[in-house]
Amino acid sequence: MSYIDEILAFNKEFVESKQYETLATTKFPNKKIAVLSCMDTRLTELLPAALNFKNGDIKIIKNAGAMISHPFGSVMRSLLVAIYELGVQEIMVIGHYDCGMQGLGASKLIEKMKKRNISPDKIDMVQYAGIDLHKWLKGFDDAEASVQETVHIIRKHPFIPADVGVYGFMMDPVTGRLAKLAPEVERME
């Protein structure tokens with residue numbers, strides 16, 4: 001039996017026994033918070049448990065490294081929908097220590113693609129189309145600096161209202177300890 005088959009069997013029992021009833025909520029977050037966090041498996045249950053988030057409390061957006069790779073990509077679109085359609089008033093960007101994106105090099109990832117039979121022609125085609133794969137696939141050198149950069153991108157986005165609070169945090173992926181990062185200092189230009 002594959003993992004997918006196991007999931008489907010469990011889901012059938014879950015629905016038939018009406019276990020979903022204990023999780024009933026609406027699409028509007030009770031705490032009016034959106035969380036952008038890493039997709040790290042250690043945070044799946046740890047993050048909500050460590051922060052006392054229950055089903056229905058928050059909107060959560062997960063991706064590799066809790067990063068915004070493009071200011072008009074799907075992460076920003078999700079945050080804008082959360083604000084304008086679902087009543088979010090605060091955004092928490094939560095990075096974590098020992099993140100797999102730290103030190104990730106695009107060249108290694110591209111080599112792994114080739115080993116999995118992604119043809120060099122496809123890679124070249126994407127690059128000729130104007131996608132800088134080395135920039136798009138690159139991780140970061142410093143997790144805290146990456147969180148601060150993501151906070152900065154959100155705060156400075158032309159569609160983020162000034163009254164929406166945007167904050168950066170780092171989490172210990174073992175204990176769940178959360179530390180608020182100092183607010184970035186605005187540069188005088």
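Is Lys62 buried, exposed or partly exposed? Keep that question in mind while moving through this predicted model, beginning with the whole chain and ending at the residue itself.

Start with the whole protein shown as a cartoon, where seven helices and five strands can be picked out, and where colouring from one end of the sequence to the other brings out the order α-β-α-β-α-β-α-α-α-α-β-β. With the display reduced to the C-alpha trace, the protein spans about 55 × 50 × 35 Å along its principal axes.

Next, switch on the surface, which comes to about 12,600 Å² of accessible area, with 57% of it belonging to carbon and sulfur atoms. Of the 189 residues, 34% are buried. If the charged side chains are then selected, the 23 positive and 24 negative charges turn out to have mean positions 1 Å apart. For contacts between residues at least 6 apart in sequence, 77% join residues at least 24 apart.

Now select residues 58-63, which form strand β2, and within that strand centre the view on Lys62. Here the opening question can be settled: Lys62 counts as partly exposed because its relative accessibility is 34%, a value that falls between the 20% and 50% cut-offs.

Keep Lys62 centred and display the residues that it touches beyond four places in sequence, namely Ser37, Cys38, Met39, Asp40, Leu43 and Thr44. Among them, Cys38 deserves a separate selection, since its backbone oxygen is reached by the side chain of Lys62 at 3.4 Å. Finally, draw a C-alpha to C-alpha distance from Lys62 to Thr44, which gives 9.7 Å for two residues that are 18 apart in sequence.

Note on methods:
Residues numbered from 1 in each chain as written. Predicted model: local features only at pLDDT ≥ 70, side-chain atom pairs only at ≥ 80, totals over all residues. Heavy atoms only, no water. Helix = DSSP H or I, 4+ residues; strand = E, 2+ residues; numbered from the N terminus. Buried < 20%, exposed > 50% of the residue type's maximum accessible area, 1.4 Å probe, protein only. Contact = heavy atoms within 4.5 Å. Areas by Shrake-Rupley, 256 points an atom, 1.4 Å probe, with all protein chains shown as cover. Lys, Arg positive; Asp, Glu negative; His and termini not counted. Charge placed at Lys NZ, Arg CZ, Asp CG, Glu CD. Polar contact = N/O pair within 3.5 Å; in protein donor to acceptor, adjacent residues only side chain to side chain.
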